[in-house]
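This report introduces a protein model to a reader who has not met it before. Please consult the sequence and the structure shown below while reading.

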Amino acid sequence: MGGLGTPSSRGRLGHRGASPSSSSTAMQRGGLACSSSRGPVPSPKGRGVLLSARAKGGKKSSSSSSSSKKSVDSRNGNGNGNPLSAEFLQATGSSATSNLEVHDVEFLQDAQELEMEILGGEVESTLPLPPTALGGPDQHISSVPQLQHYLKPLPRVLLLHTGGTLGMDPNQSYIEEGPGNVHLKEGTGGNYPASDNLQPGEVLSDLLTAVPELTNFAHLDVEIVFNMDSCRLGPKQWIQLAKLLDRERRNYDAFLIVHGTDTMSFTAAALSLMLKGFKKPIVLTGSQLPLAMPRSDARQNLIDSITCATAACLTNPLSRYPVHFEEVAICFGGKLMRGNRTRKVHSSVYRAFDSPMYPNLAELGVEVEWNHSNLLEAGADVYQPRFKLNTNVIRVPICPGVDPRKAYGDLHGRGVRGIVLEAFGVGNMPDNNSHGWLPWLKQQRKKGLLVYLCSQCSAGNLHPELYRSGSVALNMGIESGRQMTPECAVIKMMFCLEYPDIPLSQPIAGEL
């Protein structure tokens with residue numbers, strides 16, 4: 001397998017090409033689905049049957065085969081009725097079926113997996129479905145699933161592909177010097193096919209071929225948003241992603257974003273601020289090596305990401321208990337981290353990201369160890385998406401001996417409207433007039449330049465008031481507060497310039 005996808009037209013695709021809104025009579029997906037207001041539930045593999053079961057209010061009867069109403073209509077082309085009722089009811093037992101009304105059963109060929117949703121009431125969930133329930137003794141299954149696994153549909157997850165190393169073709173971009181020893185060819189990093197040359201169906205097929213375990217967690221749809229090196233992503237693409245997520249918010253339980261590592265922290269911060277109160281998991285991930293390579297970390301990152309993204313879904317049969325996880329996060333190297341608190345800290349190791357100023361949300365090993373107290377509490381937040389960013393922002397690190405009047409000059413006069421000033425330690429800077437920093441800041445503030453003070457340290461609290469220079473800066477109107485990562489501080493500056501009613505020091509999405 002090469003990179004993700006093959007040349008074709010652009011679009012979206014769920015399993016076997018069925019859209020989430022397909023009617024229950026159009027069985028283009030496999031498995032057993034219930035006819036409800038949400039339409040049929042897709043199945044990861046094969047074809048199967050369509051069944052809906054409705055509770056009858058808990059009334060008991062003496063015989064399940066006589067008390068359960070049923071209508072069976074065979075539509076598999078052979079014209080014969082299918083003997084579901086007696087064999088199914090006898091095999092499952094009256095205790096499991098006395099409350100059920102079974103109707104509109106549609107059998108297709110090669111039914112291997114069943115998925116059903118109970119529209120109301122309660123059902124015994126520990127009895128196996130017999131092979132005869134699949135339409136006769138000539139249809140066999142290697143292991144009979146438990147009914148409990150199929151009481152509710154799997155969560156629905158939308159995977160948004162934006163590019164990055166995960167989907168690269170290793171044959172075009174990598175040289176193997178020995179077993180497990182590879183490196184990028186010079187000049188090939190960042191080369192990607194145009195996004196309109198990728199078909200979501202092929203990307204999904206490649207993903208499920210390489211990582212078939214994904215179908216155990218969710219029904220997965222794929223959309224190709226764009227396909228580029230993350231160094232080329234910026235505010236335009238962040239806004240595009242945010243609008244797409246806003247549009248699909250009600251249609252999916254969780255979202256995965258495949259992204260390049262270089263600017264993943266910037267994208268996560270932007271989405272967290274623009275989609276405040278989204279209240280559904282948005283998990284970004286990627287890899288240090290392409291998915292198609294033997295030692296790639298992509299496979300584990302994808303499994304870890306969908307594990308975390310679906311942990312909050314009550315319909316996830318693999319989740320032991322619901323997790324209150326409803327924020328933008330990065331899952332990478334066995335860690336789930338709040339997206340707007342992350343930094344890329346290593347260029348090549350698999351644990352490339354860290355959250356230096358906030359504890360990890362979860363650690364993924366043999367068990368998934370959730371830090372529940374660190375999860376974002378967004379229950380009272382009103383969802384209010386905002387899609388504007390002012391890009392006239394720069395980061396300015398304070399360097400000893402550098403005079404900003406010469407190094408930066410009149411930033412406001414050149415169109416800059418906000419700077420993230422990276423000071424020493426807790427917020428200190430040179431305070432002699434000859435060094436120029438305080439006179440320069442005073443001049444730029446009078447012209448209207450917005451300044452946010454942060455630290456060059458990767459962790460620790462800000463206390464600029466402890467030093468003369470910091471106190472003078474605060475009196476000029478320079479804003480400061482609890483420490484933000486430089487990546488998040490730049491994005492928040494872009495955000496607050498467009499929404500001046502929101503102070504830079506006011507927490508929005510757990511970034512402070």
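## Burial and overall make-up

A residue is called buried when its relative accessible area is under 20%. By that criterion, 53% of the 512 residues in the protein are buried. The model is a predicted one, and the protein comprises 12 helices and 19 strands.

The surface that the protein exposes amounts to about 22,200 Å², and carbon and sulfur atoms supply 48% of this area. Among the contacts in the protein with a separation of 6 or more, 73% join residues that are 24 or more positions apart.

## Confidence of the prediction

The average pLDDT of the protein is 75, and 65% of the residues reach a score of at least 70. Over residues 6-150, however, the pLDDT is below 50. In the model this stretch nevertheless has 279 contacts beyond near neighbours in sequence.

## Aromatic pairs

Across the whole structure, a search finds nine aromatic pairs. One of them is formed by F255 and F278 in an edge-to-face arrangement; the ring centres are 5.7 Å apart, with 65 degrees between the planes. This pair links distant parts of the chain, as its two members are 23 residues apart. F255 belongs to strand β9, which covers residues 254-258, whereas F278 lies in the loop between α7 (264-274) and β10 (282-285). Both F255 and F278 are buried.

The two phenylalanines also belong to a cluster: ring pairs link Y252, F255, F278 and Y383.

## A charged residue over two rings

Which residue has its charged end over the ring of Y383? That residue is R249, placed 4.1 Å from the centre of the ring. R249 also lies over the face of F278, where the distance from the ring centre is 5.7 Å. Both rings concerned, those of F278 and Y383, are members of the cluster described above.

## A buried alanine in a loop

A311 is located in the loop between α8 (298-310) and β11 (328-332). Is this loop residue, A311, buried or exposed? A311 counts as buried because its relative accessibility is 5%, and the limit for burial is under 20%.

P281 offers a second point of reference for this position. A311 and P281 are 30 residues apart along the chain, and a distance of 9.2 Å separates their C-alpha atoms.

Technical notes:
Residues are numbered from 1 along each chain as its sequence is written. This is a predicted model: local features need pLDDT of at least 70, side-chain atom pairs count only at pLDDT 80 or more; totals for chains, interfaces and linings use all residues. Side-chain values use heavy atoms; hydrogens and water are left out. pLDDT is the predictor's confidence in each residue, from 0 to 100. Contact means heavy atoms within 4.5 Å. Helices (H or I, at least four residues) and strands (E, at least two) are DSSP runs, numbered from the N terminus. Buried means under 20% relative accessible area, exposed over 50%, partly exposed in between (1.4 Å probe, protein chains only). Accessible areas come from the Shrake-Rupley method with a 1.4 Å probe; for residues, only the protein chains shown count as cover. Rings of Phe, Tyr and Trp (its six-membered ring) pair if their centres lie within 6.5 Å; planes under 30 degrees apart count as stacked, over 60 as edge-to-face and the rest as tilted. A charge sits over a ring if NZ of Lys or CZ of Arg is within 6 Å of the ring centre and within 35 degrees of the ring normal.
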